[in-house]
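Student: Please take one helix of this model and look at it closely, asking how it sits among its surroundings. After that, carry the same reading over to the disulfides and to a few single residues.

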Amino acid sequence: MRIPFLSWVFFMPICLLSISFYVPMVCGKCPTNQKALLLQLKNSLIFDSASSTKLVHWNKSIDCCSWEGVTCNKGCVIGLDLSNDSISCSLDNSSSLFKLRYLQNLNLASNDFNSSEIPSEFNKLSNLVYLNLSHAGFQGQIPSTISHLKRLVSLDLRNWYSLKLENPNLNMLVQNLSKLAELYLSGVDISMKGYEWGPALSFSLPNLRVLSLSRCNLSGPFDSSLVNLKSLSIIRMSNNNLSSPIPDFFADFRNLTTLIFSSSSLNGKFPERIFQIPTLQMVDLSNNFELEGFFPDFPSNGSLQTLVLSSTKLSRSLPYSIGNLKLLSEVDLYSCNFSGEIPKSMENLTQLLHLDLSGNRFNGSIPSLSMSKNLKTIDLSSNDLTGQIASTRWVDLLNLETLDLSSNSLEGSIPVSLFSLPSLQELHLQNNRFSGQLDEFSTAPSYLLSHLDLSQQFGRANSHFSAVQKLKDLTFLDLSYNDLSIEYSGINCSLSSFPQFSNLLLASNRLKRIPDFLRNQSALNDLDLSNTQIHGQIPRWIWEFTNLAFLNLSNNYMVTLERPFLNVSFRGVVDLSSNKLQGQLPSLPCSAEYLDLSRNNFHSSIPTSIITSMVHIGFLSLSSNRLYGSIPESICNATGTLRVLDLSNNFLSGMVPHCLFEMSETGEPELFGNQSLGVLNLRKNNLSGKIPDTFQGNCGLRTLDLGENHLEGKFPKSLAKCRELEFLDIGNNNIEDDFPCYLRNISKLRVLVFKANKFHGPIDCLESNATWPMLQIINLASNNFSGKLTEKFIGILKALMADKEEAKLELIHRNFQLAEWYDLNYQDKLTIIAKGLSLNLTKILTIFTVLDLSCNNFDGPLPKEIEKFKSLYILNLSHNGFTGNIPQSLGKLSNLESLDLSSNKLTGVIPVQLADGLIFLSFLNLSFNQLSGKIPQIKQFATFQISSYMGNIGLCGFPLEEQCIGEGPRLSTPTSKESDSNSGIGIDWNFLSVEFGFVFGLGIAIGPLMFWKRWRMCYYKHADEIFFKIFPRLYITIENRQRQARMNHRRRAHRNQGRRHE
């Protein structure tokens, strides 16, 4: 049948329209075979039906293209998203997943594939464009078959250190993935150097836009080939060990939006041009402690939203142009080296949410931030900010949750409006100079304020503690170190009207008694009432708080315990030290981890049951009481938990239990570190017998102090096994032995005290090549050591040779973690002879250095190699048999403050280099030697007394009475001939020439000033400049006063002129 042409033309559009509706309908339907594969996949997977949001809803009676996580196109399954669907089983090569050949997008992230390896069959999914296996519980080597997926645009294998790239390595993985634009390998162990991973990326991935290689064990430096990655938009490479600077060419990545290199050991100068990239939105360079640089001027079209540079060395001032960054929402510059004023332009940053400028050197006043109405956090703590804060409109910051202005020099009153902010939860104002009283804040209570710190604030004042009653949500309150006389009266309020505190810290105030309202504080976790002048007894109810984990009542006048510790169950810290507690040592709390009863008046023996029930004890100090008797061996029952045992300064007697030294054995690592005895202090008792030679092979001792007892015998050789030892003091005992050269294998040793024993022999240890790189205090005084001080001995004391600038200013302390929440710092104590005095050091700095070899039998010359001890503070070589001259090289010990060479056989003159170089010397003793010649009269040497030089017959000059030959004018009796010949008037031309010279020189200097105006003006100008350089602050003060005087003069002239016109 023939169809007319016009009918055919009319009919064709209708057919095409019908087909266009029909085709999509057919292409969207899931084919039977692919539906079966998906159901087979579901049946092979183990998942939690209660948590699953996708697999659990797959129903075979429904078209699979409508299933959750399934995407179809033209009748094919092209997308599968099973991310975060609570899958918990392995995935192997036989899975039906690898038969879904049309898959383009596959997401299995955030599941747990049971630590199985990534199946090699992924190469069967050759159409994949997007593959995400991140945090899916895979582990082991990434298979090489991934590199066959040549169509991949995005590959995400991020994990937590369970995957690795060895064979294949990174280069082999990406060599065929030329279309890849997004590469996420964070957490994969790649372990490559910069010249390896750089070219692997730049030559194989020319289209790369996103690079995520955090925590990949990569090292630097950056390879120059990376300059080819012009399309890079996002770079995340935190937590590597790059140890190199950021290349300048990063500033040429004009599409860069995100740059994250936190904790990557970056160093050198950061290219400031990077901050000026117009597209840059986020920069995180935090925790790169050697990274330096400064901010440039920011462009007006900047896109920066997040700026995190905390814990770097970036410095200088913040540019005023930072106000151009109108999109900034987070600024974190914590612990950098910034200085200067905080720019007023920051008031324009209306999008700010978080602002942290703490730990810098910003000065001046705080700019108003009232325009940043979305601010949630402001931290300006630990700077040099001054002025008042009352002028800021705090009432406009309705979303502010945390405000920290602590540790500045702010003054004036604390605005009451701060306590009315509706969202404020934490307020830190401690360590400033604010005035006012606590009572003022009760008029404007904040209903969400939970954390309030006003410590080290008000100075001596009176306050009513009931002022905090209206802060109903307050759980943390710190008013410590204010010297407040805190008054409380329960007449007008019940005990339950106070907030339920979890932390209440009132140390160093004037309480006089424990407040009654504490009875009702059942939620208390931390209570600090130390140094509050509390008298009387410790009440019974204070032990009944079931949540109490920290109790500090130290430095008070407590006399008795109303109830013994028996049955006290709380587990944590109890500090009752420095009170007047007396009588028998009480039964100790069975669950305490830290117990300090030191510096009281307990008078009893230590009960044998002391440790039996204390199963968690980590720190126990009973020092400075009047305890007597022997140390019970039951104290060793705390093996595995006891870290610090201090029984010093008592009257304990008998032998040291052998088991105490066996407790120093390091056991298996526990949850909170090695649980072995780290500090043993038995100093200043009446202990006798030998030091047990029972130290174990894995000894963990870090402090051993047995000084001032009656111990005898040989030095224990097994102590050399204590490789962690830092502090060793066995002074003032009766130990008789050679110098223990084997201790030189303890490289961490800082303090070594053997004074007042019976050690003998040489100390140069010729047979050993080890050194003490950290040994800073050596006291071998009052023994019988002999021989010469050799270059070998000098060479082992490396810590004394460090430059002062290189040494770190820190306190020597022992840090132990007793629990997950509590760190313990134990301070070593030491007695030394310095500057002729006995000094008790309760804190020892790492830069404090001492070498005391006095009262021994050393002989021979003083070695010139002592000049290497550039950081030495105290040198005592007195009462020996040293001979020869004092080396001129001693003058190079520029940090020396105390030098004692008395009672030796030194000869010759006192080197003038000594007087010229020892500019910090405040104590000198050269007495009772055989020195001769004139005492130098320059610098410090002109200040010492006779006692510094007495007993040297050949010495002369000040301060001794003996005058040196030819010193000063001496009159002689003329002969009769001379008298007659000089009876007339004569002129002594020597004296006259001196006077003529003086007058002539004075005339040359004064004449031009009097008669030549130009010379006079030039002279005054230069003198003024010199004066300014020497006394800048005084100069500025004078200038300000002169300026003010001129202004006042003009005002007066203006007023006088006005009066004349009237």
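Tutor: The model is a predicted one, and the helix to begin with is α4, residues 194-204. Eight of its eleven residues are buried, so α4 is largely enclosed by the rest of the structure. The buried residues are G194, W197, G198, P199, A200, L201, S202 and S204. The cover over these residues includes α3 (170-174), β8 (182-184) and β9 (210-212). One helix and two strands are thus among the elements that lie against the buried residues of α4.

The disulfides come next. The count for the model comes to four disulfides. One of them is formed by C636 and C659, with the two sulfur atoms 1.9 Å apart. The torsion about the S-S bond of this pair is about 65°, so the disulfide is right-handed. C636 belongs to the loop between β41 (628-629) and β42 (644-646), while C659 belongs to helix α5 (residues 658-662), so the bond ties together parts that are 23 residues apart in sequence. Both C636 and C659 are buried.

A further disulfide is made by C699 and C722, whose sulfur atoms are 2.1 Å apart. Here the S-S torsion is about 95°, so this disulfide too is right-handed. C699 sits in the loop between β45 (686-690) and β46 (703-705), and C722 in the loop between β47 (710-713) and β48 (727-729), so the link joins parts that are 23 residues apart in sequence. With a relative accessibility of 5%, C699 counts as buried. C722 also counts as buried, because its relative accessibility is 0%.

C956 and C964 are joined by a disulfide as well, with an S to S distance of 1.9 Å. Its value about the S-S bond is 100°, and the link is right-handed. C956 and C964 are both buried. Two more cysteines can be placed by their accessibility. C216 counts as buried because its relative accessibility is 0%. C336 has a relative accessible area of 5%, so C336 is buried too.

Among the single residues, T532 can be described from several sides. T532 is found in the loop between β32 (526-528) and β33 (535-538). Its relative accessible area is 0%, so this loop residue is buried. Apart from neighbours within four places in sequence, T532 is in contact with L506, A507, S508, N509, R510, L511, K512, N555 and N556. One of these, R510, is 22 residues away along the chain, yet the C-alpha atoms of T532 and R510 are separated by 4.9 Å. Within its own loop, a polar atom of the T532 side chain lies 2.5 Å from the backbone oxygen of L529.

D526 lies in strand β32, the strand that precedes the loop of T532. The relative accessible area of D526 is 18%, and because buried means under 20%, D526 falls within that class. When residues up to four places away in sequence are not counted, D526 touches S502, N503, L504, L505, L548 and F550.

S898 is another strand residue, located in β62 (residues 898-900). Its relative accessible area is 3%, so S898 is buried. With residues up to four places away in sequence left out, S898 touches A834, K835, Y873, I874, L875, L921 and F923.

The last residue to consider, F928, is part of the surface. F928 is placed in the loop between β64 (923-925) and β65 (930-934). At 46% relative accessibility, F928 counts as partly exposed, because that class lies between buried, under 20%, and exposed, over 50%. Together with I946 and M950, F928 forms a nonpolar patch on the surface, and the three have about 280 Å² of accessible area together.

To return to the opening request, α4 is largely enclosed, because eight of its eleven residues are buried. Two loop residues illustrate opposite settings: T532 is buried at 0%, whereas F928 is partly exposed at 46%.

Terms used
Residues numbered from 1 in each chain as written. Predicted model: local features only at pLDDT ≥ 70, side-chain atom pairs only at ≥ 80, totals over all residues. Heavy atoms only, no water. Helix = DSSP H or I, 4+ residues; strand = E, 2+ residues; numbered from the N terminus. Buried < 20%, exposed > 50% of the residue type's maximum accessible area, 1.4 Å probe, protein only. Contact = heavy atoms within 4.5 Å. Polar contact = N/O pair within 3.5 Å; in protein donor to acceptor, adjacent residues only side chain to side chain. Patch = residues over 30% accessible without salt bridge, like charges linked within 9 Å, V, L, I, M, F, W, Y side chains within 5 Å. Areas by Shrake-Rupley, 256 points an atom, 1.4 Å probe, with all protein chains shown as cover. Salt bridge = Lys/Arg side-chain N within 4 Å of Asp/Glu carboxyl O. Disulfide = S-S within 2.5 Å.
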